[in-house]
Amino acid sequence: MATKAAYYGTKPQAAHVATAAALTSATATGGDAPTEAEYNALRTDVSNLRATVVALQTALRNAGMQASS
């Protein structure tokens, strides 16, 4: 168990990570298969969110708040 000072003390601050970009994909309607543009928009959204998660993990790891392995 962590000591009281370590638990309640000043925590390292992770580097700022930009807010995830707004979604570009639209809500699916009907039972039709998505168009190429809809698919590409969803793929872009997922890629952007993945990049944000990776940046958050890197910032936390660099601040010593997440294990490196």
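## Working through a predicted model

Q66 sits in the segment after α2. Keep in mind that the model is predicted. Let's start with that residue and work back along the chain.

**Exercise 1.** Work out whether Q66 is buried, partly exposed or exposed, and find which residues Q66 is in contact with once neighbours within four places in sequence are left aside.

*Solution.* Step one: get the relative accessibility, which is 28% for Q66. Step two: compare with the cut-offs, where buried means under 20% and exposed means over 50%. Q66 therefore counts as partly exposed. Step three: look for contacts beyond four places in sequence, and you get Q57, L60 and R61. On the way back to the helix you pass G64, just after α2, with a positive phi of about 80°.

**Exercise 2.** Check whether the end-to-end distance of α2 agrees or disagrees with what its residue count should span.

*Solution.* Start with the inventory: the chain has 2 helices and 0 strands. Next, count α2, which has 27 residues. The expected span uses one less than the number of residues, times 1.5 Å, so α2 should come out at 39 Å. Finally, take the end C-alpha atoms: they are 39 Å apart, so the two values agree.

**Exercise 3.** List the buried residues of α2, then say what T52 touches beyond four places in sequence.

*Solution.* Begin with the whole chain: buried residues make up 7% of its 69 residues. The accessible surface of the chain is about 6000 Å², with 58% of that belonging to carbon and sulfur atoms. Within α2, the buried ones are A41, D45, T52 and A59. Now zoom in on T52: its relative accessibility is 16%, so T52 counts as buried. Beyond four places in sequence, T52 touches V17, A18 and A20.

**Exercise 4.** Place S25 in the chain and find out which residues S25 touches, skipping those up to four places away.

*Solution.* First, location: S25 is in the loop between α1 (4-8) and α2 (36-62). Second, exposure: a relative accessibility of 26% makes S25 partly exposed. Third, contacts: S25 touches A41, L42 and D45, and A41 and D45 are among the buried residues of α2. Fourth, C-alpha distances: E38 is 13 residues from S25 along the chain, with 6.2 Å between their C-alpha atoms. V46 is 21 residues from S25 in sequence, and here the C-alpha separation is 9.8 Å.

**Exercise 5.** Describe the largest pocket: how much space lies in it, which residues are closest to its centre, and how does its lining divide?

*Solution.* Volume comes first: the largest pocket holds about 240 Å³ of space. Of the 13 residues lining it, A26, A28, P34, T35 and E38 are the closest to the centre. Sorting the lining by type gives 6 nonpolar, 5 polar and 2 charged residues. One of those near-centre residues, E38, is worth a follow-up. E38 belongs to helix α2, and its relative accessible area of 41% makes E38 partly exposed.

Key. Residues numbered from 1 in each chain as written. Predicted model: local features only at pLDDT ≥ 70, side-chain atom pairs only at ≥ 80, totals over all residues. Heavy atoms only, no water. Helix = DSSP H or I, 4+ residues; strand = E, 2+ residues; numbered from the N terminus. Buried < 20%, exposed > 50% of the residue type's maximum accessible area, 1.4 Å probe, protein only. Areas by Shrake-Rupley, 256 points an atom, 1.4 Å probe, with all protein chains shown as cover. Contact = heavy atoms within 4.5 Å. 1 Å grid on protein atoms, 1.4 Å probe; cavity = no way out; pocket = protein on both sides within 12 Å on 5 of 7 lines; lining within 4 Å. Points joined across faces, edges and corners; volume = space filled by probe spheres on them. Nonpolar A, V, L, I, M, F, W, Y, C, P; charged D, E, K, R; others polar.
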